[in-house]
Amino acid sequence: MTRHAGARRRGGAGVVVVVSLLLLLLSAAAIAAEGVEAAVFDDAHLLPRPLVIELPTTTTSSSAAAAEEGEGDAVPAEVRCASWRLAGEANNLAPWKSLPEECAAYVREYLTGVAYRSDLEVVAREASAYARTTRVGDDGRDAWVFDVDETLLSNLPYYADHGYGLELFDHREFDKWVERGEAPAIPSSLKLYNEVRDLGFKTFLLTGRSEGHHGVTVDNLKKQGFHDWDKLILRAPADRKKTATIYKSEKRKEMEEEGYRILGNSGDQWSDLLGFSTSARSFKLPNPMYYIP
């Protein structure tokens, strides 16, 4: 009886020891967990990337210095001019008559360097990809419209003598240039033009040049490798006072009324592409030299 009672007491003591050890282990685990949580909280700012990306800004001191020097927000002129050109290509600028004076050097470098040619090639490549994946009907009524100036033919030789758009446009001076018939082809556009024709599209050349320049325009185009277009449309005297957007929209509407489906349209001005009777796809070529409404 006594032995059994002693054994029960010793067994009870063992249980107490085990429970105590368990409590100690649980306490240690809790403390460790709190330490890990605190460490994680302390290192929360050490994420692989910020959750909010802030746009770069100038410091207060640099902004003040720039203001004193008359530099506005201290953005370099090259960056401002690149933003201006992007806004123009995106049709986000108000109508403008000449490029900003501070951007003359930037535009000249862009037009005479590799960037302009690369931009032209990108547009032509995308237009080509679209043309190749578009089914052309057997009825000969699927059409592609091309503008002429700065789309098929380049007037860079003329604008090189007139500040690349820095000077106000002079119709009489430009007409003298047109009458020389020396505008070179834009290589990427010539390639696209021939490919579109080979795919079976009807090609309509729709230009803002006057009908008085029909002969010299035909000769210039042929001399530069453009052949076999289906129609060359020039501005008649009755169209002279119309904006380019209205004039070209009306001519496209006439094409539709004749039963043509305008699947593609290439031009360097938004007025070549907007309005009504628009094409299924339009392709804007870059032109920071002038704006035609």
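Which residues does Leu93 touch, not counting those up to four places away in sequence? In this predicted model, the answer is Trp84, Ala87 and Gly88. Leu93 itself is found in the loop between H3 and H4. With a relative accessible area of 25%, Leu93 is partly exposed, because a residue has to fall under 20% to count as buried. Along the chain, Leu93 is 198 residues away from Tyr291, yet the C-alpha atoms of the two are 9.9 Å apart in space.

That loop is a handy way into the rest of the chain, which holds 10 helices and 5 strands. Of its 293 residues, 37% are buried. Among contacts with a separation of 6 or more, 70% are between residues 24 or more positions apart.

Helix H3 covers residues 77–89. Its 13 residues should span 18 Å at 1.5 Å a residue, and the end C-alpha atoms are indeed 18 Å apart. The buried residues of H3 are Cys81, Trp84, Arg85, Ala87 and Glu89. Two of these, Trp84 and Ala87, are also on the list of residues that Leu93 touches. What covers the buried residues of H3 includes H4, H5 and E5. Just after H3, Asn91 takes a positive phi of about 60°.

H3 also carries one end of a disulfide, and the count for the model comes to 1. The bond joins Cys81 to Cys103, with 2.1 Å from S to S. Cys81 sits in helix H3, while Cys103 belongs to the loop between H3 and helix H4 (104–112), so that the pair, 22 residues apart, links distant parts of the chain. The link of Cys81 and Cys103 is left-handed, with -90° about the S-S bond. Are the two cysteines buried or exposed? Cys81 is buried, at a relative accessible area of 1%. Cys103 counts as buried too, with 1% relative accessibility.

Now for the strands. An open sheet is formed by 5 strands with parallel pairing, and their order is E3-E2-E1-E4-E5. At the edges are strand E3 (231–235) and strand E5 (281–284), each of which pairs on one side only. From one strand to the next, the twist averages 20°.

Going through the pairs, strand E1 (residues 142–146) meets strand E2 (residues 202–210) in the parallel sense over 4 bridges. Here Ala143 stands opposite Lys202 in E2. E1 is also joined to E4, again parallel, by 5 bridges, and Asp142 stands opposite Arg261 in E4. E4 in turn runs parallel to E5, with 4 bridges between them. In that pair, Gly267 stands opposite Lys284 in E5. How many of the 7 residues of E4 are buried? The number is 6, so E4 is largely enclosed by the rest of the structure.

Next comes the nonpolar interior. The largest nonpolar core has 50 residues, and Trp144, Leu205 and Phe226 are those with the most contacts inside it. Helix H5 (residues 114–132) gives the most to this core, with 6 residues. Leaving aside neighbours within four places in sequence, Phe226 is in contact with Leu152, Leu153, Ala185, Ser189, Leu190, Tyr193 and Leu221. Another core, of 9 residues, lies apart from the largest one and includes Ala143, Phe204, Met255 and Tyr260.

Three of the contacts of Phe226, namely Ser189, Leu190 and Tyr193, bring in helix H8 (residues 187–198). H8 has 12 residues and reaches 17 Å from its first C-alpha to its last, close to the 16 Å expected at 1.5 Å a residue. The buried residues of H8 are Ser188, Ser189, Leu190, Leu192, Tyr193 and Val196. An α-helix has 3.6 residues a turn, so residues three or four places apart point the same way. The buried residues of H8 pack against H5, E1, E2 and strand E4 (261–267). Just after H8, Gly200 takes a positive phi of about 105°.

How values were computed: Residues are numbered from 1 along each chain as its sequence is written. This is a predicted model: local features need pLDDT of at least 70, side-chain atom pairs count only at pLDDT 80 or more; totals for chains, interfaces and linings use all residues. Side-chain values use heavy atoms; hydrogens and water are left out. Two strands pair if DSSP finds at least two bridges between them. Helices (H or I, at least four residues) and strands (E, at least two) are DSSP runs, numbered from the N terminus. Axes are lines fitted to C-alpha atoms, for helices over the stretch in contact, and angles run from 0 to 180 degrees between N-to-C directions. A nonpolar core is a set of buried Ala, Val, Leu, Ile, Met, Phe, Trp, Tyr and Cys residues joined through side-chain atoms within 4.5 Å. Buried means under 20% relative accessible area, exposed over 50%, partly exposed in between (1.4 Å probe, protein chains only). Contact means heavy atoms within 4.5 Å. A disulfide is a pair of cysteine sulfur atoms within 2.5 Å. The expected span of a helix is 1.5 Å times one less than its number of residues.
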